[in-house]
Amino acid sequence: MEDTKSYKEYLNHIDTFIFDVDGVLTDGTVTVTSTGEMLRRMNIKDGYALKTAVMNGYNVCIISGGTNEGVRKRLQGLGITDIYLGAHQKVEQLDEYIAKKNIKLENVLYMGDDIPDVPVLKRVGLSTCPQDAAYEVLEICKYISHVDGGKGAARDVIRQVMKVQGKWDDNFDAKYD
């Protein structure tokens, strides 16, 4: 039976965010230097939202096929401790993570952008993707962000969940005066 609920009906139950990296936390492009190093760009606004989610007690996990240790350092600097790099069968890492943390799949939001993400997207409570995701991903996601990968798509979904749950504070004046 097809799920006909609006994605908004899932937001209040999300306690776990899981993200792919390339094409989600980055814009999907890689700059290759003359020494062969592959450089990626990450959006600072996504970083703020990821850190805010961690600080508010959400489970935050990264599952990526990439193996760039610079990515790991950046994410660890945001307080993320559950980082699976080199994950080519992402469902295995998903199963390991939810078992370790005793998480229910229906409480998981996953954001992916390409075919390797499809098996995970099909299993979680709220499947999401950036607006520039691959066609096969766009077809199956419950929510498609209005933002491209690497341009704030992760912040979009984190903010929506936290706002619905009363944990995202738009009144920053009191904090920064």
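In the predicted model, asparagine 107 is found in the loop that runs between α3 and β6. Although placed in a loop, asparagine 107 counts as buried, because its relative accessibility is 15%, which lies under the 20% limit used for that class. When residues up to four places away in sequence are set aside, asparagine 107 touches His13, Ile14, Asp15 and Thr16. The loop between α3 (90–101) and β6 (108–111) also holds asparagine 102. Asparagine 102 has a relative accessibility of 72% and therefore counts as exposed. The backbone of asparagine 102 carries a phi near 55°, a positive value in a residue other than glycine.

Aspartate 82 lies in strand β5, which covers residues 82–84. With a relative accessibility of 8%, aspartate 82 counts as buried, and its side chain takes part in polar contacts with the side chains of two lysines, lysine 100 and lysine 101. The contact between the side chains of aspartate 82 and lysine 100 is 2.8 Å, while that with the side chain of lysine 101 is 3.5 Å. Leaving aside neighbours within four places in sequence, the residues in contact with aspartate 82 are Val60, Cys61, Ile62, Tyr97, Lys100 and Lys101.

Helix α1 comprises the 12 residues 44–55, and its length can be checked with a simple calculation. At 1.5 Å a residue, the helix should span 16 Å, and the C-alpha atoms at its two ends are indeed 16 Å apart, so the expected and computed values agree. At the start of α1, a side-chain oxygen of asparagine 43 reaches to within 2.7 Å of the backbone nitrogen of lysine 45. After the helix comes glycine 57, whose phi is positive, near 85°.

The buried residues of α1 are Asp46, Gly47, Ala49, Leu50, Thr52 and Ala53. An α-helix has 3.6 residues a turn, so residues three or four places apart point the same way. The buried residues of α1 pack against four elements of the fold, namely the strands β1 (16–19) and β4 (59–63) and the helices α2 (69–77) and α6 (153–164).

Attention may next be given to the cysteines. Under the distance rule for sulfur atoms, the count of disulfides comes to zero. Cysteine 129 is in no disulfide, and the nearest cysteine sulfur to it, that of cysteine 141, is 3.7 Å away. Seen from the other side of the pair, the closest cysteine sulfur to that of cysteine 141 belongs to cysteine 129, and the separation of 3.7 Å is too far for a bond, because a disulfide would require the two sulfur atoms to be within 2.5 Å. Cysteine 129 counts as buried, since its relative accessibility is 0%, and cysteine 141, at 12% relative accessibility, also counts as buried.

Glycine 166 is placed in the loop between α6 and α7 (173–176). Because its relative accessibility is 64%, glycine 166 counts as exposed. Glycine 166 and aspartate 132 are 34 residues apart along the chain, and their C-alpha atoms are separated by 29 Å.

Key
Residues numbered from 1 in each chain as written. Predicted model: local features only at pLDDT ≥ 70, side-chain atom pairs only at ≥ 80, totals over all residues. Heavy atoms only, no water. Expected span 1.5 Å × (residues − 1). Buried < 20%, exposed > 50% of the residue type's maximum accessible area, 1.4 Å probe, protein only. Contact = heavy atoms within 4.5 Å. Polar contact = N/O pair within 3.5 Å; in protein donor to acceptor, adjacent residues only side chain to side chain.
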